[in-house]
Amino acid sequence: MLLRLVPEFELRRDVVPWLAAQGWAAALDTSENSSALYVVNVERNGKIIYTWKGSQRNTHIGLYDLQTKQNEHLYTFEKDLHIISCSVNNERTLLAVSFHQYTEDETASQLLQSVSKYLTLLIEIHPINNVRVLKAVDSCVRVQFLYPVEDRNASTESRLLLVSEDKYIEQFDIRVVAEEEHKVVIQKSGQLPRAKVADDLVWAQWDMMEQRLFYIVPKESKSTLRCVQFYPDENFNSILESHLDISVNDTQLKLVNFGYDYCQDQDVASKSLNLQVFTSKAGGLCVCCSLACDTPDEIMYSIYFLHKGEDARIDTLQNCSIQSPLVSTVLDCEAGSLYAVSISDSTLLQLLQKSKQDSERLAALHCALLYFQHTEDLEMQIIRWISENLSTCHSFDPIQEFIVASLYCRMCPETQNLDKLLPYTSLLDWIGVVPGVICATDIISLPVLEFQNSKGFWEKLNSNLESVKYAEPQLHYHNNVLKREWHNLSEEREERRTTAYLRNIFENAKKVLSHLDTWDSEARLVPLFEEEDYQQQLLMGLMVAQLKDHLMRHLQYVGKKKIDQIVLDYVANLLNLIHRIMKEVWRRYQLHSCVFCFDERGSAGEFAVFHIMSRILEAANGMCMPLPPGFHTLHLGLGVRCLPLHTLLHYIDIGVLQLTETCVRKLLKDLDDNEQNEKLKLSIVMRLPEALGQKVRQSWNHPINANLIARKYVKLLLENLGNRQCSRSIPERFSIPVEFLPLNYLTSMLTEIENQGVRPYEKQDHVNARFVEEMALKHTMTLLGLKYS
């Protein structure tokens with residue numbers, strides 16, 4: 001199972017031995033009679049209320065404390081009753097109980113008496129004292145005490161919710177006074193004050209931890225979801241109202257997290273609205289409603305995100321009737337067991353590895369990164385899965401999703417509302433992309449919130465709603481503008497690269513590089529080289545500038561200094577994540593630094609790593625993400641070792657491999673000049689950009705390269721000459737007599753141009769007309785098969 005269930009409470013383990021020790025052995029065999037021992041309710045402080053039948057068919061109520069692991073007897077009824085609902089207040093001085101007055105074995109004459117079927121009592125239990133009747137009706141009633149904040153001192157007032165099957169909810173205010181010997185009794189002041197909380201509802205859900213009541217009131221065509229917030233030191237307040245496009249045809253009231261009635265709840269669940277509200281600490285609220293489906297084995301849900309206005313329909317989800325009264329817990333009401341719920345990392349990995357559908361892979365990948373982002377071993381296994389499944393995911397790029405989702409999980413917790421501004425997925429359009437998920441965005445009226453000075457969840461939800469109301473169309477940061485600007489600046493001429501704007505861009509890049517995490521001792525496992533990379537530094541600086549502008553528009557209250565830090569962290573973490581992928585891949589294939597030597601061919605492991613680096617490059621280019629310093633150098637080095645020459649040159653021509661100064665210098669220097677290497681070097685040198693070629697061509701001391709240098713020198717010299725005319729006489733001849741008149745004329749003209757100060761290679765004085773002449777003679781003699789001396 002994907003969910004890991006750890007039993008924190010079990011009736012047989014935690015209650016039955018205690019009952020046996022107390023002499024209530026009749027409750028030991030729960031298999032024959034499910035009503036003999038069962039859980040009734042779980043309170044906010046983790047105390048579990050259960051009921052059992054004694055040897056005299058008395059009905060008992062007990063309490064188990066999850067923290068102390070102790071049982072406590074609360075109350076005994078001297079007759080056989082069917083307990084429907086039960087709740088104890090925070091101080092354990094008052095007990096509210098709702099039960100059916102008669103059992104099945106009572107005679108028909110008793111049933112015909114003019115006595116109400118259901119009775120709701122308020123009982124003093126510290127010590128056991130008076131009993132008050134709260135309700136005597138023919139409809140079922142559920143009871144639930146409100147709980148204040150945990151660290152508040154004992155209160156002289158308790159509040160109790162009564163939920164009636166007649167579709168209304170009311171609150172009773174109960175004041176108590178302390179007497180001698182720690183006795184607590186209800187004030188004798190006539191009827192207890194009470195107030196109507198909700199009316200005409202068909203569905204209600206109790207949020208025990210946050211003390212919130214969600215309920216639905218049916219309207220003509222749409223239903224209205226409302227929420228009432230109960231405060232520890234105040235009264236309740238209706239705080240939320242939202243219209244839902246849900247038709248409610250059933251008339252029976254459905255309750256969620258209001259205790260458990262093993263007889264009635266199963267019958268109601270099969271007939272009434274199957275719906276639950278889910279909230280998150282980040283201010284997210286969604287409604288999940290199970291819809292009727294014609295396929296027997298298929299369950300279909302509609303999920304309404306009230307804070308975003310999307311409607312996502314997810315099919316093939318399994319139905320589950322287990323309650324969740326506390327955070328990260330589930331209560332198996334029939335088995336009488338309470339489980340702490342967590343996600344099983346091993347099962348999640350198995351789901352990721354064995355799934356055949358992109359929708360399952362994508363969900364498992366995001367879930368793993370969200371819940372286990374700081375587990376290095378799990379992250380390593382995810383990277384390994386990515387490296388093995390680069391071509392199996394058709395709807396998304398796993399490298400892109402890993403990087404974007406990891407950045408999102410790392411960055412968003414530190415600043416409020418940052419989650420609405422940073423990208424969380426590489427997928428721009430979900431429609432038809434992920435099988436099994438259909439998304440439709442509807443323009444709906446936003447929920448109405450009415451609260452004052454409310455912190456926490458409601459404040460965050462309101463912020464989310466406001467951001468949707470006033471935000472720009474594309475709230476999440478996107479790289480469209482970044483990609484366009486990067487390409488434009490990349491094509492700028494050299495003389496324009498010293499503008500103030502570009503100086504600021506490159507200053508941003510320097511900050512990012514200095515902000516990178518200090519790589520651990522294994523960092524050098526991957527031979528990355530700290531080198532100048534104009535294109536990547538330009539991209540880093542641009543990303544910093546544009547992301548900063550984006551955040552400043554929406555997080556003005558955070559401050560410029562904080563935003564600067566967020567942006568630098570984001571880009572530095574991006575580079576570190578790419579390095580993390582490379583490090584895991586390097587370790588897996590047991591590579592070492594020799595991959596940057598060119599004296600032998602690459603291994604199968606090196607070829608696999610080269611392929612993965614090519615996919616990293618593709619993923620980075622697709623989302624316009626910068627790469628770590630030295631990435632292109634290492635990628636080219638692996639390409640030289642692993643690829644045949646024609647494939648290597650093709651990859652260079654189409655831009656998959658980029659020629660870097662570090663790699664080209666090493667290649668020209670380390671390889672000898674045999675026929676194969678000579679062809680490789682010449683092919684590389686011929687493809688060098690002009691600026692880079694001027695720097696590295698001198699590293700190859702070979703006639704072919706010298707001839708190429710001479711040709712380029714002549715070409716640039718004549719291009720720079722333009723329309724100038726030679727005005728000087730023919731200079732003195734060189735020491736080597738040359739009778740070839742065209743060459744004589746060319747060298748004379750080049751010498752004249754040089755004397756006029758037109759020199760394309762200012763830093764390479766040994767390239768001149770004399771050099772051109774010598775190279776021409778050598779090349780001619782070589783072609784003629786003659787020996788040159």
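**Strand packing, cores and confidence in the predicted model**

Beyond the four places in sequence on either side, Thr-224 is in contact with Tyr-215, Ile-216, Val-217, Lys-219, Glu-241, Ser-242 and His-243. These contacts, like every value reported here, come from a predicted model. Thr-224 belongs to strand β17, and its relative accessible area of 1% places the residue among the buried ones, because the cut-off for burial is under 20%. One of its contact partners, His-243, is also a polar partner: the side chains of Thr-224 and His-243 make a polar contact at 3.2 Å.

The strand that carries Thr-224 is part of an open sheet. Six strands make up this sheet, in the order β19-β15-β16-β17-β18-β27, and their pairing is mixed. Strands β19 (254-256) and β27 (448-449) form the edges, each pairing on one side only. Within the sheet, seven bridges link β16 (residues 212-218) with β17 (residues 223-230) in the antiparallel sense. In this pairing Leu-225 of β17 has Ile-216 standing opposite. In general, the strands of a sheet pair through backbone hydrogen bonds, in either a parallel or an antiparallel arrangement.

Strand β15 (residues 203-207) of the sheet includes Asp-207. With a relative accessible area of 14%, Asp-207 is buried, because this value also falls under the 20% cut-off. Its side chain is engaged by backbone nitrogens: a polar side-chain atom of Asp-207 lies 3.4 Å from the backbone nitrogen of Met-209, and the side chain also reaches the backbone nitrogen of Glu-210 at 3.3 Å. When neighbours within four places in sequence are set aside, the contacts of Asp-207 are with Arg-212 and Thr-279.

A second set of paired strands involves β8. Eight of the eight residues of strand β8 (residues 118-125) are buried, so the strand is largely enclosed by the rest of the structure. Burial extends to both of its faces: Tyr-118, Thr-120, Leu-122 and Glu-124 point one way, Leu-119, Leu-121, Ile-123 and Ile-125 point the other way, and all are buried. Strand β7 (residues 94-100) pairs with β8 in the antiparallel sense over seven bridges, with Phe-99 opposite Leu-119 of β8. Strand β9 (residues 128-137) is likewise antiparallel to β8 and is joined to it by seven bridges. Ile-125 stands opposite Ile-128 of β9, and β8 and β9 form a hairpin in which two residues lie between the strands.

Toward the N terminus, helix α1 (residues 11-22) comprises twelve residues and reaches 15 Å from its first C-alpha to its last, close to the 16 Å expected at 1.5 Å a residue. Its buried residues are Leu-11, Asp-14, Val-15, Val-16, Trp-18 and Leu-19. An α-helix has 3.6 residues a turn, so residues three or four places apart point the same way. The cover over the buried residues of α1 includes strands β1 (3-10), β2 (37-42), β3 (47-53), β4 (59-65) and β5 (70-77). Gly-23, which follows α1, has a positive phi near 90°.

For the protein as a whole, 21 helices and 27 strands are assigned, and buried residues make up 51% of the 789 residues. Of the contacts with a separation of 6 or more, 59% are between residues 24 or more positions apart. The largest nonpolar core holds 108 residues, of which Ile-382, Phe-402, Ile-403, Leu-551, Met-582 and Ile-616 touch the most other members. Helix α12 (residues 560-588) supplies the largest share of this core, with 15 residues. Outside its neighbours within four places in sequence, Met-582 is in contact with Val-526, Leu-528, Met-613, Ile-616, Phe-631 and Leu-634. A second core, separate from the largest, has 38 residues, including Val-163, Met-208, Tyr-215 and Leu-338.

Confidence varies along the chain. The mean pLDDT of the protein is 79, and 73% of its residues reach 70 or more. Among the elements, strand β10 (residues 141-145) has the highest mean pLDDT, 95, and strand β23 (residues 310-315) the lowest, 45. The pLDDT is below 50 over residues 311-321, a stretch with 36 contacts in the model beyond near neighbours in sequence. Residues 728-735 likewise stay under 50, and the model gives this stretch 13 contacts beyond four places in sequence.

Methods: Residues numbered from 1 in each chain as written. Predicted model: local features only at pLDDT ≥ 70, side-chain atom pairs only at ≥ 80, totals over all residues. Heavy atoms only, no water. Pairing = 2+ DSSP bridges. Helix = DSSP H or I, 4+ residues; strand = E, 2+ residues; numbered from the N terminus. pLDDT = per-residue confidence, 0-100. Contact = heavy atoms within 4.5 Å. Expected span 1.5 Å × (residues − 1). Buried < 20%, exposed > 50% of the residue type's maximum accessible area, 1.4 Å probe, protein only. Polar contact = N/O pair within 3.5 Å; in protein donor to acceptor, adjacent residues only side chain to side chain. Core = buried A, V, L, I, M, F, W, Y, C linked by side-chain atoms within 4.5 Å.
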